[in-house]
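Reader: Please give me a close look at how the strands are put together, and at what lies around them. Keep the terms explicit, with their cut-offs.

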Amino acid sequence: MTTYNNRGPKPESGKFLDFDHVTFWVGNAKQAASHYCVRLGFEPFAYKGLETGSRDVVAHVIRQDKIFFVFMSQLQPNIPKEMAEHLVMHGDGVKDIAFSVEDLDAIYKRAIERGAVSVKEPFDESDEHGTVRKATIQTYGDTTHTFIDRSKYKGEFLPGYKKPLHIDSLLPKLPVTGLVRIDHIVGNQPDQEMVPVADWYEKNLMFHRFWSVDDKQLHTEFSALRSTVVANYEETIKMPINEPAPGKRISQIQEYVDYYGGAGVQHIAMSTPDIIDTISKLRERGQHFLEVPDSYYDNLRKRLGNSPVSVKEDMNQLQKLKILVDFDDKGYLLQIFTKLMQDRPTLFLEVIQRHNHQGFGAGNFKALFEAFETDQAERGNL
Ligand SMILES: O=C(O)C(=O)Cc1ccc(O)cc1
Ligand SMILES: [Fe+2]
């Protein structure tokens with residue numbers, strides 16, 4: 001495991017502020033959005049579709065504190081063609097990760113000059129609440145990044161969106177889940193593509209390497225992977241990039257790449273200030289999580305006994321909820337992974353709480369991957 005201390009040169013112009021929102025292209029946006037609301041504690045936030053004059057594309061925006069997910073579907077047979085083809089190839093998945101930025105034109109221009117592929121040049125979108133400036137570039141696989149400058153906009157989401165058509169009377173009856181922001185978004189790559197993708201972020205967006213693990217540290221009896229995390233200068237945006245490594249059986253990363261049809265977003269990690277409360281509530285809502293065996297906790301208690309950190313949370317509660325703990329001498333993190341969010345073995349979610357620890361759970365990888373492999377074997381994919 002490597003932690004890097006060099007944030008690289010500070011960009012002379014342009015600043016990445018944070019994840020802005022994540023756009024999913026799915027077969028049935030209405031139902032997907034409802035699922036994330038019911039199971040994960042989001043609320044309907046904005047809408048565009050036929051009723052608002054959007055003839056080809058429908059979008060349901062849902063929100064939980066600073067987390068915004070946009071579920072989009074095509075409305076017409078084969079139009080927009082790109083959406084139709086995306087759905088046939090990838091199934092439901094993340095199409096775009098949007099970042100809120102300052103000085104969008106500088107960021108876009110630098111990325112294009114350095115070799116990034118443009119999807120949409122900078123343009124303005126306006127309504128009665130002001131103007132948003134946007135631009136989009138291609139990243140790994142069919143995934144894109146949109147840059148968003150909201151400094152001249154006072155509206156709730158983006159121009160063109162209206163309030164949701166309906167309120168869902170079930171949602172206020174469900175327990176409050178308390179997810180607050182996106183901690184990181186992970187991209188899976190085919191074999192040998194992790195380094196070129198990490199290099200792409202360094203070169204074109206002026207991100208830097210933040211953390212990495214290689215397959216010598218990261219393997220089970222059966223499968224292995226490598227991971228490199230890139231971050232913006234301010235380290236508000238973190239993007240781990242994974243690739244499979246050769247092992248006795250099929251790496252979970254390879255399974256993803258096979259089923260998604262190439263590189264794409266594997267998981268979105270969302271943070272909470274109280275993971276015990278959050279996971280209790282999400283389990284009450286019927287959300288399923290990956291399960292680790294009780295032996296993980298026996299081992300963890302021993303390892304923590306020899307460490308200077310003390311975990312504030314009740315270990316019995318963590319064990320009951322199957323929350324994982326990773327730590328070093330200075331701090332620790334608590335994390336847990338959902339089961340797959342759709343039928344294809346592609347996207348899942350993570351819930352994370354950090355206590356002075358900026359890693360990604362390397363100490364958990366073995367137990368975690370064994371849990372993934374149990375599910376993989378059930379699918380006939382190990
Ligand atoms: O690196 C991360 O962000 C993790 O949360 C750990 C992890 C790495 C690779 C996987 O396939 C699943 C989980
Ligand atoms: Fe993660």
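Author: Two strands pair if DSSP finds at least two bridges between them. Strands (E, at least two residues) and helices (H or I, at least four) are DSSP runs, numbered from the N terminus.

The model is predicted: local features need pLDDT of at least 70, side-chain atom pairs count only at pLDDT 80 or more, and totals for chains, interfaces and linings use all residues. Residues are numbered from 1 along each chain, chains are lettered from A and ligands numbered from 1 as written, and side-chain values use heavy atoms without hydrogens or water.

Start with the open sheet. Its 8 strands come in the order 3-4-5-2-6-9-8-7. The pairing is mixed. Strand 3 (43-48) lies at one edge and strand 7 (118-127) at the other, and each pairs on one side only. Inside the sheet, strand 6 (residues 93-102) pairs with strand 9 (residues 144-149). Their sense is parallel, over 5 bridges. Opposite Ile148 of strand 9 stands Ser100. Helix 1 (residues 29-40) packs on this sheet. It touches strand 2 (15-25), strand 3, strand 4 (57-64) and strand 5 (67-74); contact means heavy atoms within 4.5 Å.

A UniProt record overlaps this region. For "domain: VOC", an unreviewed entry, it lists residues 18-150 and 181-339. UniProt positions follow the numbering used here, feature names are shortened, and annotations may be inferred rather than shown by experiment. Over residues 18-150, the chain is 49% strand and 24% helix. The end C-alpha atoms of that stretch are 12 Å apart.

Now move to strands 15, 16 and 17. Strand 15 (residues 324-327) and strand 16 run antiparallel, joined by 4 bridges. A hairpin of 4 residues connects the two. Asp326 has Leu333 in strand 16 as its bridge partner. Strand 16 also runs antiparallel to strand 17, and here 6 bridges join them. Tyr332 is the bridge partner of His355 in strand 17.

How many residues of strand 16 are buried? In strand 16 (residues 332-337), 6 of the 6 are, so the strand is largely enclosed by the rest of the structure. Buried means under 20% relative accessible area, exposed over 50%, partly exposed in between (1.4 Å probe, protein chains only). Both faces are covered. One side carries Tyr332, Leu334 and Ile336; the other carries Leu333, Gln335 and Phe337.

Helix 6 (residues 275-284) belongs to the surroundings of these strands. Its buried residues are Ile275, Ile276, Thr278, Ile279, Lys281 and Leu282. Their cover includes strand 16, strand 17, helix 1 and helix 8 (315-321). Just after helix 6, Gly286 takes a positive phi of about 90°.

Next, the metal. Which residues are the protein donors of the iron ion (ligand 2)? They are His184 (NE2), His267 (NE2) and Glu350 (OE), 2.0 to 2.2 Å from the ion. Donors are N, O and S atoms within 2.8 Å of the metal (3.2 Å for Na, K and Ca); water is not among the atoms, so sites may look incomplete. The sequence spacing of the donor residues is H-x82-H-x82-E. His267 in strand 14 (residues 264-271) and Glu350 in strand 17 (residues 348-355) are 83 residues apart, and this pair links distant parts of the chain. His267 counts as buried because its relative accessibility is 9%. Glu350 counts as buried because its value is 2%. Beyond four places in sequence, His267 touches His184, Ile185, Val186, Phe337, Leu347, Phe348 and Glu350. Phe337 is one of the buried residues of strand 16.

UniProt, in an unreviewed entry, places the feature "binding site" at His184, His267 and Glu350. They are spread over 167 residues of sequence but cluster in space, with a largest C-alpha distance of 9.3 Å.

Last, the loops. Most residues other than glycine have a negative phi, and most peptide bonds are trans. From Ile79 to Pro80 the peptide bond is cis, with omega near -10°. Pro80 sits in the loop between strand 5 and helix 2 (81-90). Gln192 is not a glycine, yet its phi is positive, near 70°. Its loop runs between strand 10 (181-188) and helix 4 (194-205). Gln192 counts as exposed because its relative accessibility is 53%. Asn356 is not a glycine either, and its phi is positive at about 50°. It lies in the loop between strand 17 and helix 9 (365-378). At 57% relative accessibility, Asn356 counts as exposed.

Conventions:
Axes are lines fitted to C-alpha atoms, for helices over the stretch in contact, and angles run from 0 to 180 degrees between N-to-C directions.
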